[in-house]
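Student: Please take me through one part of this model in close detail. I would like the main open sheet, strand by strand, and then whatever helps to place it in the chain.

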Amino acid sequence: VLVKSGSDLETFSQLDHIVFDKTGTLTKGEFVVTKVYAEDKDLILKLASHAESKSNHPIALSILKTYNQPIVDADIEDFKEIFGHGITIKYQGKLCLVGNDKLLKSHHIVYDSPKINHSLVHVAYDGLYMGYIVLEDELKISAKQTIDTLKKMGKKISLMTGDHEFIAKDIANKLGIDNVYYEKLPYEKKQIIDTLKREEKVAFIGDGMNDAPVLMSADLGVSMGMLGSDLAVEASDAVIMTDEPIHFIDAIKTSTLTRKVVLQNMSLAIGTKFIVLILGALGFANMWLAIFADVGISLIAVIHAMHILSAKNEL
């Protein structure tokens, strides 16, 4: 875990509420296209791939991998990526929509949306609904262990995502998370964090470009170093370099130990100087005692602080 400042390290030990993003944070973010529901499956994959060709989202990369055909850039015009909705382009001069329910509703497209516990990408072309693509994602190996450990520490846990209710609740049930915020746009996520901050010390853990405002708003923003976007990494206070959420626990334990050692050193230094000051006022302190109270205690504090390095294996 890369922590950007000493104050950020201290914040780890003061957290009350941890809010997790879903894709790329608790799940691997390595989507696999499992089904394509459409009359013309090849056409829907072609339209989706051309729309997603300029995006770096994990879903986009998975669709492109499944299509596995050359992208004709000349057929693409007016590319627009709308956070929390999807992508719009003009493909061969006609409007193509690739995204979620919100995108289709905003363009008044009539469609069917099945309630399944996986991510869906809807495709509409020239005002007509073409069908949808089903993508599955897996939980990270340490996700369940991370949530269970945080609960034992007495932390509040929430899941916040832009996905549908049934997808979000399915992941939450698998991990044992009771509090779920679903179908949230970036500005709505920020509003929720701002509200929680009024009463609690809140951390947000995410990885996407659209998570940057939330990462900056939280008391502690933590991003993923491998899957995370450059903007998310820049906006965060700490970065989990291996993308495994279990290392968030290590950071909390290291922070708690570091804070404990700092307080012990401060108490030792201030207490010793106070005692020597009283002894000096009463005429019982000599030069050597004064040197011990200054340089000696500083050396003891440094040696005691090195205890953090030896205790790291015990965390």
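Tutor: In this predicted model, seven strands make up an open sheet, ordered β1-β13-β12-β11-β2-β9-β10. The pairing is mixed. At the edges are β1 (2-3) and β10 (179-181), each of which pairs on one side only.

Start with β2. This strand covers residues 17-20 and joins β11 through four bridges, running parallel. Four bridges also join β2 to β9, again in the parallel sense. Ile18 can be followed in both directions. Ile18 stands opposite Ala203 in β11. In β9, the bridge partner of Ile18 is Ile157. Next along, Val19 has Phe204 of β11 as its bridge partner.

Now look at the two faces of β2. In a regular strand, side chains alternate between the two faces of the sheet. His17 and Val19 are on one side of β2, Ile18 and Phe20 on the other, and all are buried. Both faces of β2 are therefore covered.

Helices account for part of the packing here. Helix α5 (residues 143-152) lies across β2 and β9 (156-160). The direction of α5 is at about 165 degrees to β2. Helix α7 (residues 186-197) lies across β2, β9, β10 and β11. Against β11, α7 runs at about 155 degrees.

Move on to β11 and β12. Strand β11 spans residues 202-206 and pairs with β12 in the parallel sense over four bridges. Phe204 stands opposite Gly221 in β12. Phe204 is also the bridge partner of Val19 in β2. That one residue lets you trace the sheet from β2 to β12.

β12 deserves a slower look. How many of the five residues of β12 are buried? Five of the five, across residues 220-224, so the strand is largely enclosed by the rest of the structure. The cut-off behind that step is under 20% relative accessible area. Leu220, Val222 and Met224 are on one side of β12. Gly221 and Ser223 are on the other. Both faces of β12 are covered.

Then comes β13. Three bridges join β12 to β13 (residues 238-240), and the two run parallel. Ser223 has Val239 of β13 as its bridge partner.

A residue outside the sheet touches this region. Thr11 is found in helix α1 (residues 6-12). Its relative accessible area is 10%, so Thr11 is buried. The side chain of Thr11 reaches the backbone oxygen of Ser7 at 2.9 Å. Leaving aside neighbours within four places in sequence, Thr11 is in contact with Lys201, Asp219 and Leu220. Leu220 is one of the buried residues of β12.

Other strands are linked by aromatic rings. A pair of aromatic rings is described by the distance of the centres and the angle of the planes. The count comes to four aromatic pairs. One of them is Tyr37 with Tyr132, which is stacked: 4.9 Å centre to centre, with 25 degrees between the planes. Tyr37 lies in strand β3 (residues 32-38) and Tyr132 in strand β8 (residues 128-136), so the pair ties together parts that are 95 residues apart in sequence. Are the two tyrosines buried or exposed? Tyr37, at 38% relative accessibility, counts as partly exposed. Tyr132 is buried, at 13%.

Another of the pairs is Tyr91 with Tyr125. Their ring centres are 6.1 Å apart and the planes stand at 65 degrees, so this pair is edge-to-face. Tyr91 lies in strand β5 (residues 86-91) and Tyr125 in strand β7 (residues 119-125), so the parts tied together are 34 residues apart in sequence. Both Tyr91 and Tyr125 are buried.

Finally, set the sheet within the whole chain. The secondary structure comes to twelve helices and 13 strands. The radius of gyration is 26 Å, well over the 20 Å that the globule rule gives for 315 residues, so the chain is more spread out than a compact globule. Along its principal axes, the C-alpha trace spans about 95 × 40 × 35 Å. Buried residues make up 44% of the 315 residues. Among contacts with a separation of 6 or more, 56% are between residues 24 or more positions apart.

Technical notes:
Residues numbered from 1 in each chain as written. Predicted model: local features only at pLDDT ≥ 70, side-chain atom pairs only at ≥ 80, totals over all residues. Heavy atoms only, no water. Buried < 20%, exposed > 50% of the residue type's maximum accessible area, 1.4 Å probe, protein only. Pairing = 2+ DSSP bridges. Phe/Tyr/Trp six-rings, centres within 6.5 Å; stacked < 30°, edge-to-face > 60°. Polar contact = N/O pair within 3.5 Å; in protein donor to acceptor, adjacent residues only side chain to side chain. Contact = heavy atoms within 4.5 Å. Axes fitted to C-alpha atoms, helices over the stretch in contact; angles between N-to-C directions. Rg over C-alpha atoms; globule rule 2.2 N^0.38 Å.
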